[in-house]
Amino acid sequence: MTVPVLKRAGDLLARYDVLISDVWGVVHDGLWALEPACEALMAFRARGGAVALLSNAPSPSEQVAGLLDAKRVPREAWDRLVTSGDVTRSLVAESHHKQVYHIGWESDRSVFAGLGVELVDEVAADIVVATELFDYRTETPEQYRPQLERFARRGLPFICGNPDLVVHVGEDLLPCAGSLAAIYEELGGKVAWAGKPHRPAYDLALAAAAEARGGRPVEADKVLVIGDAVRTDLAGARLMGFDSLFIAGGIHRDETMRGGEVDPAGLARVLEGLPVQPIAAMAALA
């Protein structure tokens, strides 16, 4: 099936009651808001639709909301925000482990606030939580393999607070915590994935959207997932039985874009073999 490529999404969006939209690569580029996308979401809300932003950011949603403000994403563009940080908090609490070895930025440690855990060195740890690499601009995931091998030999559970493998920051493509979790699974370790494409993140997003709609239930055929990552956004939509809109100018842009336009051949290669195709693709949401 050939996936149609749209210039404008207004008619498509009008068919749905709820949008579950990715953030990084759709709503902003890592530096600043993408204004046409924000305008599209505001127009959808003005017609009575609900927008739930679903991000694999490893920080709690309250913190990420502040970052969106700083990137000039209007609050009028969304109703609710759910992050991997929110899911991570739930998984840490449910694990009952108290000695945490944290891989990630110091600013991500807000995810542990109020959970009664202690951040310890690797020898004392009984669980590993990865939210980022310590420095994703200078490090590679493979540099962590020896340490991950030590954790795997001890059988420590591993919570991945950001299932993305890579992310664009402006023009740079940088590794995320998901790349560490993939190595850990390769080593035989057990990983709990706190975010897309896994069901707990979508269940939280749906509950948030229903709340924004005054408690009215949300039918699956009235939900559209918007995202730029085949592995997370499109896979999550397929898992949940939702339609999806693929943003080709995001994380896969080196494969799908030519001269600022969607390249049909590149798009077909990226989407080849998917059991369920997105209902449409765009260079960027507008």
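Contact means that heavy atoms lie within 4.5 Å of each other. In this predicted model, P141 is in contact with L133, P175, S179, L180 and I183, leaving aside its neighbours within four places in sequence. P141 lies in the loop between β7 (127-130) and α5 (145-154). Its relative accessible area is 18%, and a residue under 20% counts as buried, so P141 is buried. The C-alpha atoms of P141 and A182 are separated by 9.6 Å, although these positions lie 41 residues apart along the chain as a sequence separation.

Strand β7, which precedes this loop, belongs to an open sheet of 5 strands. The order of the strands is β6-β5-β7-β8-β11, and the pairing is parallel. In general, strands of a sheet pair through backbone hydrogen bonds, either parallel or antiparallel. At the edges of the sheet are β6 (118-119) and β11, each of which pairs on one side only. Between β7 and β8 (residues 158-160), which run parallel, there are 3 bridges. V128 has F158 in β8 as its bridge partner.

The nonpolar residues were examined next. In soluble globular proteins, nonpolar side chains tend to be buried together. The largest nonpolar core has 32 residues, of which L53, W78, I226, L245 and L285 touch the most other members. Two or more residues of this core come from each of α1 (10-13), α2 (35-46), β3 (50-55), α3, β12 (223-227), β13 (243-247) and β16 (280-282). Helix α2 gives the largest share, 5 residues. Another core, of 27 residues, lies apart from this one and includes V111, F112, M240 and F242. Within the largest core, W78 is in contact with R45, V51, L53, A65, L68 and V73, when neighbours within four places in sequence are left aside.

Charged side chains form 10 salt bridges in the whole structure. One of them joins E261 and K7, with an N to O distance of 2.6 Å. E261 is in strand β15 and K7 is in the loop between β1 (5-6) and α1, so that the pair links distant parts of the chain, 254 residues apart. E261 is partly exposed, with a relative accessibility of 42%, whereas K7 is exposed at 60%. A second salt bridge is formed by R150 and E122, whose closest N and O atoms are 2.9 Å apart. R150 lies in helix α5 and E122 in the loop between β6 and β7, so this pair ties together parts that are 28 residues apart in sequence. R150 counts as partly exposed at 35% relative accessibility, while E122 counts as buried at 18%.

E142 and R145 also form a salt bridge, with the closest N and O atoms 2.8 Å apart. Here E142 is partly exposed, with a relative accessible area of 44%, and R145 is buried at 16%. In addition, D22, K196 and D233 are joined into one network by salt bridges that share partners.

D263 is a charged residue without a salt bridge, although it is buried. The nearest side chain of opposite charge is that of R269, at 4.1 Å. A salt bridge requires a distance within 4 Å, so the pair D263 and R269 does not qualify. D263 is placed in the loop between β15 (261-262) and α10 (264-271). Its side chain reaches the backbone nitrogen of G266 at 3.0 Å. Residues up to four places away in sequence not being counted, D263 touches T256, M257, R258 and R269.

Some backbone features in loops remain to be described. The peptide bond from K196 to P197 is cis, with omega near 10°. P197 is found in the loop between β11 (191-193) and α7 (199-212). R72 is not a glycine, yet has a positive phi of about 70°. R72 is located in the loop between α3 (61-70) and β4 (80-83) and is exposed, with a relative accessible area of 62%. H96, likewise a residue other than glycine, has a positive phi near 65°. The loop that holds H96 runs between α4 (84-95) and β5 (99-103), and H96 is exposed at a relative accessible area of 64%.

Technical notes: Residues numbered from 1 in each chain as written. Predicted model: local features only at pLDDT ≥ 70, side-chain atom pairs only at ≥ 80, totals over all residues. Heavy atoms only, no water. Helix = DSSP H or I, 4+ residues; strand = E, 2+ residues; numbered from the N terminus. Buried < 20%, exposed > 50% of the residue type's maximum accessible area, 1.4 Å probe, protein only. Lys, Arg positive; Asp, Glu negative; His and termini not counted. Polar contact = N/O pair within 3.5 Å; in protein donor to acceptor, adjacent residues only side chain to side chain. Core = buried A, V, L, I, M, F, W, Y, C linked by side-chain atoms within 4.5 Å. Pairing = 2+ DSSP bridges.
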